[in-house]
Amino acid sequence: MVKYIEENHGGTQLERWLGSVKDDPLAFVQGAFPWRKDGTELSTHDGPDEWQAGLLADIRDGLKNLNEAIQGATASGHGVGKSALVAWLILWSMATMQDTRGVITANTEVQLRTKTWPELARWLRLFIGRDMFDYTATAIFSSDKDHEKTWRIDAVTWSETRTEAFAGLHNQGKRIIVVYDEASAIPDIIWETTEGALTDKDTQIIWCVFGNPTRNTGRFKECFGRFRHRWITRQVDSRTSRFTNKDQIKEWVTDYGEDSDFVRVRVRGVFPRAGTMQFIPTEMAESAMSHDRAFSLDVTILDPMVMGCDIARYGDDATVIAFRRGRDAVSIPWVTMRGADTVQVAGRIAALIAEFKPDAVFIDDGSFGSGVLDQLRHLGHPVIGVTFGAAADHAVPSADGKIAYANKRAEIWG
């Protein structure tokens with residue numbers, strides 16, 4: 001561990017040490033605060049928790065490549081020390097590089113003003129270089145009047161109609177840091193604006209997002225899904241953190257169950273199976289698409305072969321023709337057509353019918369699909385039109401007499 005530097009060592013030695021940890025936030029955190037020092041509130045603490053140290057080390061290792069932004073996404077249960085880590089990142093980024101700029105935001109103004117930002121005040125008070133900066137309710141900035149406009153990090157409440165604070169994040173040749181706290185509830189437009197702004201060449205760009213995984217949709221969830229190749233991700237179980245109340249967590253697990261969405265989100269740091277308005281759980285859909293599952297299906301030649309055709313015309317959309325035998329929808333490659341008119345699509349489907357001899361063919365009976373459907377029927381193929389917004393064919397009454405499926409789309413999913 002880097003030795004704690006006493007205040008009476010003088011500014012010159014402090015400046016030299018800060019320069020030595022410019023690219024090592026873990027070493028900074030280990031040395032910048034009075035861990036295990038008698039008479040301080042850290043007298044019983046050794047340093048960062050294991051998961052915190054891991055993220056700090058990831059940032060350290062990522063700084064070796066200046067032309068690639070470091071993007072870290074952490075989903076966690078309650079009480080693991082997210083706000084403390086946010087404060088450490090702010091202080092390290094500010095104290096070790098002159099004219100650092102950044103923005104901190106949270107899901108709500110209340111979260112930002114009463115939790116995230118006050119935690120920074122606490123750690124600034126404990127920081128050995130606390131006199132370097134001034135702290136207000138909305139910003140931390142250099143105490144040097146010549147740099148107070150260029151060496152600062154602002155606490156900004158987001159607005160979908162006013163994204164200027166996130167669009168102006170440029171600091172060529174220096175350092176930019178962006179932090180989202182409770183990121184699940186921050187709308188996509190803020191993510192997209194931030195992403196578009198972080199383009200400066202030869203600049204240290206650090207973007208870290210934290211939160212309880214409360215929502216099963218949105219950009220925070222996608223950090224762990226389709227965009228996971230861009231993000232350093234970790235999911236932190238509250239039970240593994242030395243800061244949490246283990247008795248309270250044990251009660252939650254007993255009351256709600258280990259695999260309940262309550263425990264998944266608030267303890268395990270795992271996204272819920274389904275959102276409040278979601279019919280099919282995401283976990284089930286992802287399982288259905290997994291390669292391991294696909295190749296373990298027990299499918300035989302006796303299972304029915306079905307073709308499904310999603311019809312598009314021009315533009316970005318493509319016509320897709322899919323095949324499924326039993327529960328196997330991967331063995332026969334799907335066919336994609338772009339820029340084809342209805343006559344061409346109908347001809348291709350007719351050729352595929354002749355080749356694979358499916359037991360049933362379903363055609364999307366939308367605006368473009370209707371023409372394909374008519375031509376195939378004219379050719380003598382017994383194709384079946386599907387209107388997704390139409391009433392369900394086999395609506396099932398529930399116990400209170402209501403219809404279980406609202407439309408054909410819901411019935412198919414069901």
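**A walk through the predicted model**

The largest cavity is lined by Gly62, Leu63, Asn65, Leu66, Glu68, Ile70, Thr203, Gln204 and Ile205. In this predicted model, a search of the whole structure turns up one cavity of 30 Å³ or more, and the volume of the largest cavity comes to about 30 Å³. Sorted by character, the residues of its lining fall into four nonpolar, four polar and one charged.

Before going further, it helps to consider how confident the prediction is. Across the protein chain the pLDDT averages 88, and 90% of the residues score at least 70. Over residues 1–10, however, the pLDDT is below 50, although this stretch has 17 contacts in the model beyond near neighbours in sequence. Where pLDDT is low, the predicted coordinates should not be read in detail.

From the cavity one can turn to the nonpolar interior. In soluble globular proteins, nonpolar side chains tend to be buried together. Here the largest nonpolar core has 53 residues, and the members that touch the most others are Phe28, Phe33, Trp123, Phe127 and Ile140. Helix 4, which spans residues 82–95, supplies the largest share of this core, with eleven residues. A second, separate core holds 24 residues, including Ala75, Val103, Val156 and Phe166. Returning to Trp123, and leaving aside neighbours within four places in sequence, one finds this residue in contact with Phe33, Trp35, Leu42, Ala84, Ala87, Trp88 and Leu91.

Strand 2, made up of residues 101–106, contains Ile104, which counts as buried because its relative accessibility is 0%. If residues up to four places away in sequence are not counted, Ile104 touches Val86, Ile90, Leu112, Thr116, Trp117, Ile153, Asp154, Ala155, Val156 and Val179. One of these partners, Val179, is 75 residues away from Ile104 along the chain, yet the C-alpha atoms of the two are separated by 4.8 Å.

Another buried position lies in helix 7, residues 188–197, where Thr193 has its place. Thr193 is described as buried because its relative accessible area is 16%, which falls under the 20% limit for that term. Its contacts, not counting residues up to four places away in sequence, are with Thr163, Phe166 and Ala167; of these, Phe166 is included in the second core.

Beyond helix 7 the chain enters a loop that leads to strand 7 (204–211), and Asp202 is found in this loop. Asp202 is not a glycine, but has a positive phi of about 55°. With a relative accessibility of 39%, Asp202 counts as partly exposed. Lys357 likewise has a positive phi, of about 50°, without being a glycine, and its position is in the loop between helix 13 (342–356) and strand 12 (360–364). Is Lys357 buried or exposed? Lys357 counts as exposed because its relative accessibility is 61%, which is over the 50% limit.

The last stop is helix 15, residues 408–413, where Ile412 is found. Leaving out residues up to four places away in sequence, Ile412 touches Val386 and Phe388. The C-alpha atoms of Ile412 and Trp252 are separated by 36 Å, and the two residues stand 160 residues apart along the chain.

Note on methods: Residues are numbered from 1 along each chain as its sequence is written. This is a predicted model: local features need pLDDT of at least 70, side-chain atom pairs count only at pLDDT 80 or more; totals for chains, interfaces and linings use all residues. Side-chain values use heavy atoms; hydrogens and water are left out. On a 1 Å grid over the protein atoms alone, a cavity is a set of points where a 1.4 Å probe fits but cannot get out, and a pocket is an open set with protein on both sides within 12 Å along at least five of seven lines; lining residues have an atom within 4 Å of a point. Grid points are joined across faces, edges and corners, and a volume is the space filled by probe spheres set on the points. Ala, Val, Leu, Ile, Met, Phe, Trp, Tyr, Cys and Pro count as nonpolar, Asp, Glu, Lys and Arg as charged, and the others, Gly among them, as polar. Helices (H or I, at least four residues) and strands (E, at least two) are DSSP runs, numbered from the N terminus. Buried means under 20% relative accessible area, exposed over 50%, partly exposed in between (1.4 Å probe, protein chains only). Contact means heavy atoms within 4.5 Å. A nonpolar core is a set of buried Ala, Val, Leu, Ile, Met, Phe, Trp, Tyr and Cys residues joined through side-chain atoms within 4.5 Å. pLDDT is the predictor's confidence in each residue, from 0 to 100.
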